[in-house]
Amino acid sequence: MHQSFLNGARTRWHSHRRIELLHASGGLLLLHTEIGTWTVPSGYALLVPADLPHELAAYGCCEMRAAFFTDEALGDAVPRSCRVIAVSELLDVSLRALASGPLLYDLGGRGGHLAALIVDEIREASEIQIALPMPQTPPLRKLARDMIQKPALAHDLDGWAEQTGVSRSTFTRRFRGETGLSFAEWRRRLRMLHTLTLQANGVPLRQAAVTAGYRNANALRDMMRRTLTTTVLPPSPELDR
């Protein structure tokens with residue numbers, strides 16, 4: 001299916017009986033679950049497990065294609081958790097072509113061939129580490145929500161530990177245990193997510209970087225290169241000035 005979203009649009013919380021692939025061909029998609037948030041920049045896709053409750057938010061001029069798969073169709077590529085993948089040119093074209101045809105396509109015809117090609121490309125796609133997992137215990141979850149509201153907050157580790165009423169070593173151990181990430185890495189991903197959202201809304205890169213808590217756009221770009229195997233922001237002439 002092909003769908004268009006207005007800037008700021010949100011779906012209700014829902015789930016699907018089948019595995020879902022969300023492909024953002026314009027704008028930015030954010031998918032929220034109880035355990036974390038996944039960012040889907042333009043040119044990337046998100047695999048969502050079946051029966052997982054989620055809410056979808058769109059930013060910018062957002063165009064999306066959604067495809068649905070049975071476990072049997074994906075085989076060993078069935079996602080156990082949400083996963084952001086890079087979209088090859090072939091996967092992009094195949095999704096566009098399948099979305100332009102009938103919903104109930106002929107398995108032995110053009111639609112079936114396109115679907116098989118899409119599955120092959122998904123199996124070969126590289127995963128992008130851009131998820132923002134949420135802590136589960138109340139003190140750390142409250143802290144994470146406060147930071148999501150104000151990503152530029154700049155307390156050091158001792159300050160964050162004091163807010164949750166534990167020592168620095170206990171804070172860092174618990175945070176990694178509940179999210180799978182160090183606190184510094186989690187905060188980098190949060191700031192990247194916030195920056196991408198601002199950019200999708202038309203905020204200039206320099207302003208987005210400062211709002212997210214970076215000294216300048218160069219510091220932001222350096223962080224993104226370290227975080228992602230593929231930089232999701234295109235080169236910008238303003239960085240050379």
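Here are a few notes on the aromatic rings in this predicted model.

1. Start with the overall tally: there are 5 aromatic pairs in the structure. One of them joins Phe171 and Phe175, with ring centres 5.9 Å apart and 35 degrees between the planes, which makes this a tilted pair.

2. Where do Phe171 and Phe175 sit along the chain? Both belong to helix α6, which covers residues 168-179. They are 4 residues apart there, so about one helical turn separates them.

3. Are these two side chains buried or exposed? Phe171 is buried, at 1% relative accessibility. Phe175 also has a relative accessible area of 1% and is buried. The cut-off to keep in mind is that buried means under 20%.

4. Now look at Phe171 again, because its ring also pairs with that of Phe183. Here the centres are 5.4 Å apart and the planes meet at 65 degrees, so this pair is edge-to-face. Angles over 60 degrees get that label.

5. What does the pair of Phe171 and Phe183 tie together? Phe171 is in helix α6 and Phe183 is in helix α7 (residues 183-200), so the pair links parts that are 12 residues apart in sequence. Phe183 is buried too, with a relative accessible area of 6%.

6. Finally, zoom out from single pairs. Trp160, Phe171, Phe175, Phe183 and Trp186 are linked by ring pairs into a cluster. Try finding these five residues in the structure above, with Phe171 as your starting point.

Note on methods
Residues are numbered from 1 along each chain as its sequence is written. This is a predicted model: local features need pLDDT of at least 70, side-chain atom pairs count only at pLDDT 80 or more; totals for chains, interfaces and linings use all residues. Side-chain values use heavy atoms; hydrogens and water are left out. Rings of Phe, Tyr and Trp (its six-membered ring) pair if their centres lie within 6.5 Å; planes under 30 degrees apart count as stacked, over 60 as edge-to-face and the rest as tilted. Helices (H or I, at least four residues) and strands (E, at least two) are DSSP runs, numbered from the N terminus. Buried means under 20% relative accessible area, exposed over 50%, partly exposed in between (1.4 Å probe, protein chains only).
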